[in-house]
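Me: I'd like to go through this one by asking why things get the labels they do. Can you set each value against its definition as we go?

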Amino acid sequence: MSIISDVIESTKAIIKGMGVTLSYIPKQKWTVQYPDEPVTVQPRYRGQHLLHVDELGREKCVACFLCAAACPSDCIYIVAKDDPRPPTERTGVDERFAEVYNIDYGRCIFCGYCVEACPKDAITHGYNFELSVYSRADLLKTKNDLLITKQKQSMNYRVASSDEDVDSEYKEV
Ligand code: SF4
Ligand code: SF4
């Protein structure tokens, strides 16, 4: 008798489980076949940083070190240099610019404090999340990697429109 009731209970449990599984089959699927399909990121997503330039192509960073001071991970390294040339010929928007601007992505926690601290809007977070490398040394990105005019943009993401919520934890499924 107990064997028969066990079989009945197990069968009921299997049918219940399969019912849940089957109920999900017709629903919209959220799995993205990355990198064949682009991943959608929120407008506020914090990816690899971008160092910006003005309309004349001059670097906005004036090497004030405020971002480095605000960084809790101590992962920004800057070497400042004076540029006494006339304003239109300068590398940056000011007499002082960052000759070296490195971020160590082995330490960065993408907190955004550097962006908040910058008085010149010279640094923001971009959307690039493809930072995987085989060597830890390659996580050190230089000005050439970060400058918006030189940074290679991945085709593997798209940015969500402002009314589109792509956070899976808030998605109704
Ligand atoms: S995002 Fe945070 S941890 Fe990364 S460089 Fe900026 S301040 Fe430092
Ligand atoms: S990125 Fe901004 S805060 Fe950092 S050194 Fe340049 S101007 Fe200063």
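Me: What makes the shell around ligand 2 divide into 13 nonpolar, no polar and one charged?
Reply: The split follows residue type: Ala, Val, Leu, Ile, Met, Phe, Trp, Tyr, Cys and Pro count as nonpolar, Asp, Glu, Lys and Arg as charged, and the others, Gly among them, as polar. Sorted that way, the shell of ligand 2 comes out as 13 nonpolar and one charged, with no polar residue. Bear in mind that this is a predicted model, where local features need pLDDT of at least 70 and side-chain atom pairs count only at pLDDT 80 or more, while totals for chains, interfaces and linings use all residues. As for labels, residues are numbered from 1 along each chain as its sequence is written, and chains are lettered from A and ligands numbered from 1 in the order in which they are written.

Me: Which residues are the closest to ligand 2?
Reply: C61, C64, L66, C67 and C118, out of 14 that surround the ligand. To be near, a residue needs its C-beta atom, placed from the backbone, within 6 Å of the molecule.

Me: How does the shell around ligand 1 divide?
Reply: Into twelve nonpolar and two polar, with no charged residue. Ligand 1 has 14 residues around it, and C71, C108, C111, Y113 and C114 come nearest.

Me: Why does C61 count as buried?
Reply: Buried means 20 or more other C-beta atoms within 10 Å of the residue's own, exposed means 12 or fewer, and partly exposed is in between, with C-beta atoms placed from the backbone. C61 has 28 such neighbours, so it counts as buried. C61 sits in the loop between β2 and α2 (66-70); helices (H or I, at least four residues) and strands (E, at least two) are DSSP runs, numbered from the N terminus.

Me: What is C61 in contact with, leaving aside neighbours within four places in sequence?
Reply: L51, G92, F97, A98, Y101, K120 and A122. Contact here means C-beta atoms, placed from the backbone, within 7 Å.

Me: Where does the largest share of the largest nonpolar core come from?
Reply: A nonpolar core is a set of buried Ala, Val, Leu, Ile, Met, Phe, Trp, Tyr and Cys residues joined through C-beta atoms within 7 Å. This one has 17 residues, and L51, C61, C67, C114 and I123 touch the most other members. The largest share, four residues, is from β4, and β2 (49-51) and β4 each supply at least two. In soluble globular proteins, nonpolar side chains tend to be buried together.

Me: How do you know that β4 and β6 pair?
Reply: Pairing takes at least two bridges found by DSSP. Two bridges join β4 (residues 96-104) to β6, and the strands run antiparallel, so the criterion is met. I103 stands opposite K141 in β6. The open sheet has three strands in the order β3-β4-β6, and its edge strands are β3 (76-82) and β6 (140-141), each pairing on one side only.

Me: What makes the phi of A63 worth a remark?
Reply: Phi is positive, about 55°, although A63 is not a glycine. D74 also has a positive phi, near 55°, and is a residue other than glycine.

Me: Are A63 and D74 buried or exposed?
Reply: A63 has 22 C-beta neighbours inside 10 Å, so it counts as buried. D74 has 10, so it counts as exposed. A63 is in the loop between β2 and α2, and D74 in the loop between α2 and β3.

Methods:
Contact = placed C-beta atoms within 7 Å.
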